[in-house]
Structure formats: structure tokens, C-alpha cells
Amino acid sequence: MEVCYQLPVLPLDRPVPKHVLSRRGAISFSSSSSLFGAPDPRQLSQRRGAISYDSSDQTALYIRMLGACVVFKQLFARDVRVRSQVGFEPERRSSHPYLCIDFRTLHTRLGCGSTSTSAPERRVHRLLSFQRYLHSSRLLRGIPQQMPLHILDEDYTGQARCMLDKVGNWNFDIFLFDRLTNGNSLITLTFHLLNQYGLVELFQLDMVKLWRFLVMVQEDYHSDNPYHNAVHAADVTQAMYCYMREPKLAKSLTSYDILLGLLAAATHDLDHPGVNQPFLIKTDHYLASLYRNTSVLENHHWKSAVGLLRETGLFSHMPPEDSRSMERDLGSLILATDISQQNEYLSRFRLHLDQQNLSLTSASHRHFILQMALKCADICNPCRPWELSKQWSEKVTEEFFQQGDIEKKHHLEVSPLCDRETNSVGNIQIGFMTYVAEPLFAEWARFSDTRLSQTMLGHMGLNKASWGGLQQELSSASEEADPTTAATKDGDTAGTTEGTSSKEIPQGSNVS
């Protein structure tokens, strides 16, 4: 029976649909050098070809290219599903044709025959992830390839590796990196940084245990949370790395401090439920009772991290007192991210700077600086470039609004800033920057007056102005539509912004 090899010809001016680019498995046809040699990696969004798989059907691969036809020269008899077996027909999605191909055949070694239909379904669904875990771990450890990667995987991991070469840049696009790593940004980034610092060898960490620990950490983040998910944890870890590279810290931090800082950043929001502490308290959640209504989420994140450390036995080879000390210090860092303790930490930081008595030769002072660095990393979204900051702002606000929707549904008092009918992304962000972010980063700039600190403050000023401009545009549009309603809304918005204080910021925005 004849096999159809030819893809439909598409117009050159038709871009790849956004729903394809947003898939976790999306792969660009651009070469790594041409894509990442450009000033802006986000040119990926302008690509004209894509290979991706749908998360709802990981056995199907969707291919779209420019120009005439593509012949799969290496896919013969047993490797290609004929038309009558799987319906080898183009599929239309939003008027864009795709070709549906059995996913397994593209990841089968040539000459090994087709995949048996009796193979366990779980193996089929996990095959791609396992391959990428295996190959990426070998690449990061510098082990040469025993078997060449399939060209699709090579292009995929190659672009992610190019991004890792620039992981210390403040404009690092964690959203793009997450797509390139197939949704494994936290695992890949943390493993890379631990390996880059030589911490795996120094602390004699078992590779299997470490990998299992990182996989479990990523899986314990709730992917259905708009904001508090594994991508946020990866973003905080990358920011923490940037701070630890600052001159004052780079020459003072010990290997123990660096290991502690990276692990705390990766686990600081572990198993976050997507609601804040007041919600847990007023719903009589068992976590609120367990931790006596004090730093409920932060305590849970810490204990969850300790649980995974013990379950995987990552530090089981260390003396018991050393592993317990690591667990205590890890908790001290994570607990510092509680936004309700913001003023206490900020006052202490300001006092040290005023008295000029911070000595990074002291272990306690280094630990305090790590606490402040993690606090900054946790709420650094307003300090990112606008394209990244805006996405984070929309995500965290949507999570607030989802909590407000739940509270309304169950006839509970709606928490501050969680009512989508009376708040907007703009006024929430302007209030957060004014009362929470700006004071913290101003003091951090006093401590570390570097180019990075000035860049962060500059971005925050521009982002605040951008949100203000968007608010004015919305007000003008409302006034043109209905002058009476617009006047009322302007008054409400002004009152909300002026009345916002650090105490009113939901503790979900710590951004805990």
C-alpha cells in the first residue's frame, strides 16, 4: 500500500499558529547558531516551521514546514504507518494543515523494527521524557554520546544548551527555556548550576539520587497554578544564581552557601496550593492548624523539601549532624520568603547597612545575605524586562483572581486584591512595586551597587510607568464609552492604589 510522504505546501507569509508554538514539545527548524546568535532569542516566535506534539496525545507528532515537500528517506516499511492503519491524513487546526505521524516511529533506532503493539502503554508515553532526561544528564556531565541523538532531540537540547550558556544574563527568558526543555526547566536549570559549581563532585552527591530528587521537586509543584508552579521556581533559581555571582557574594560565599542557596530557591514554593495563608486560615485547612497560623505556606514548603531530601537519601552519605544542619538552614532561607515578615527583614537589613557592620566572613552574616537574596529573587518579577515582567504580572494576578472566585463561590470574604471585578493587573502591580518591591531593591542596591542592581531598578521604573500608561489608556477608553461610569472607576482605582500597603499584599504574592 502506498505511503503518503508529501506535506502540503503552505504560503511563505503564513506564520506558525500560536497554539503550536505554545506546546511544550515545540521545536524550531532554525539552526541553533542562527537562532541564538541573534540579539533577541524571542525571535523563535517568528519561525515559519515547527515540530510539536500535543500534551493530550503524546503519540502524535505535528509537523509543519515551508515550501514544497519533505521526504522521510529513513522511514521505510516497518517504521512508517501506512494510510489504512492509522489514518495517515492531514489534520486541520485553525485552518493550518498538519501531518499526523506515529510519535514512536521517530524515536526508534533505525533497523530495530517497529514498536510492538503489546509494549506497555506507560513506556510509550514516558519514552520521550526518559530520553531527554538521559541525554541531557550525560551532556551536562560532559559524557560523550554513545549513540547519536535523533536529529529532533539534538536540535531540541541544542537550543536549550545555548540558552544555558547565557544563564547568568538578567534578561534570561525562562518561558522560552521551559518550552525548549519540554517543561523541565527546573530540573535542567538546577542540575546545570549544581554541576557548573562543581557541587556534585564536591559533596559526593549520587547522580541517581540527585536526579530523582529534582524530578520529584518539579512534580510536586502544581502545574495548574497560573503562577506558583515549577517555572516560577526555575525563574527564582536563575535570579538567585545572578545574585550569587555579584562580586561581594562571589568572593565570600562558600560551596555550602551556594548549595544551600540553589536548593532553597528550587524548593521555596514546593507544593504551593495556589491560595494564600489567610485563605487557609479562614477555611480551617489542616496546614493552618498544623503550623498554628504562622508562616503556614513557608513551613509547608520547607517540610516538603525535607521530606523529599530524606525520601531520596540525597544527603544520607553525610554525617547525621551535617544533614540536619543543612535541613535547618534550608528552612531558615525558605521561611524568610514570608511576605508578612517583610518589614522585619528589611529593617534589619537597613540597620546593618546604616551601621556598615556586615561582615561576609561571618557565617551568620552570609546566611542573612542569602535570606535577603532569596527574598529579592522571589519577588524580582517587576525588575525583569517588560516582556517577561508583564507575563509574570498577569499570571500572579490571575491566581489571585482564581482564589477570589473560589471565595465568592463559597460565600467567604474575598481577600484583598483577589476580586477581579474591583481590581486590575495594573493597579495591583503599581501598588506592589511601590510598597514592597521598591523599598527592598533600593536597599539591595545599597548593599551591592553594581550594574545588575541599577538594571533591576531601571526596569522596575519603566515597568511601573508602563502599567501607569496602560491604566490611563483604560480610563480614557472607559470615559469615552461612559463618562459617568469612568469617573466612578477612576475614583475606585485611585483609592485602591493609594490604600495598598505591604500588609495588604496577599501572602500568595510573597511571591511565596
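Here's a quick look at the nonpolar cores and aromatic rings of this structure. Keep in mind that the model is predicted. The largest nonpolar core takes in 104 residues, and the structure holds 12 aromatic pairs.

**Cores**
- Within the 104-residue core, the members touching the most others are W170, I174, Y243, F315, F441 and W444.
- There's also a second, separate core of 8 residues, with F279, L280, A288 and Y291 among them.
- Beyond its neighbours within four places in sequence, W170 is in contact with a list of residues including A239, Y243, C380, R384, L452 and H459.

**Around L210**
- L210 lies in helix α9 (residues 207-220), and it counts as buried because its relative accessibility is 0%.
- Leaving out residues up to four places away in sequence, L210 touches F191, L194, V200 and L314.
- L309 is 99 residues from L210 in sequence, yet their C-alpha atoms are 9.2 Å apart.

**Aromatic pairs**
- F349 and F368 pair edge-to-face, at 6.0 Å centre to centre with 70° between the planes.
- That pair links helix α17, home of F349, with helix α18, home of F368; F349 is buried at 0% relative accessible area, and F368 is buried at 2%.
- W386 and W467 are edge-to-face too, with centres 5.1 Å apart and planes at 65°.
- W386 is in helix α19 and W467 in helix α21, so this pair ties together parts 81 residues apart in sequence.
- W386 is partly exposed at 25%, whereas W467 is buried at 4%.
- Ring pairs also join W170, Y243, F349, F368, W444 and F447 into a cluster.

**Charges over rings**
- K248 lies over the face of F447, 4.8 Å from the ring centre.
- K303 has its charged end over the ring of W302, 3.9 Å from the centre.

Technical notes:
Residues are numbered from 1 along each chain as its sequence is written. This is a predicted model: local features need pLDDT of at least 70, side-chain atom pairs count only at pLDDT 80 or more; totals for chains, interfaces and linings use all residues. Side-chain values use heavy atoms; hydrogens and water are left out. A nonpolar core is a set of buried Ala, Val, Leu, Ile, Met, Phe, Trp, Tyr and Cys residues joined through side-chain atoms within 4.5 Å. Buried means under 20% relative accessible area, exposed over 50%, partly exposed in between (1.4 Å probe, protein chains only). Contact means heavy atoms within 4.5 Å. Helices (H or I, at least four residues) and strands (E, at least two) are DSSP runs, numbered from the N terminus. Rings of Phe, Tyr and Trp (its six-membered ring) pair if their centres lie within 6.5 Å; planes under 30 degrees apart count as stacked, over 60 as edge-to-face and the rest as tilted. A charge sits over a ring if NZ of Lys or CZ of Arg is within 6 Å of the ring centre and within 35 degrees of the ring normal.
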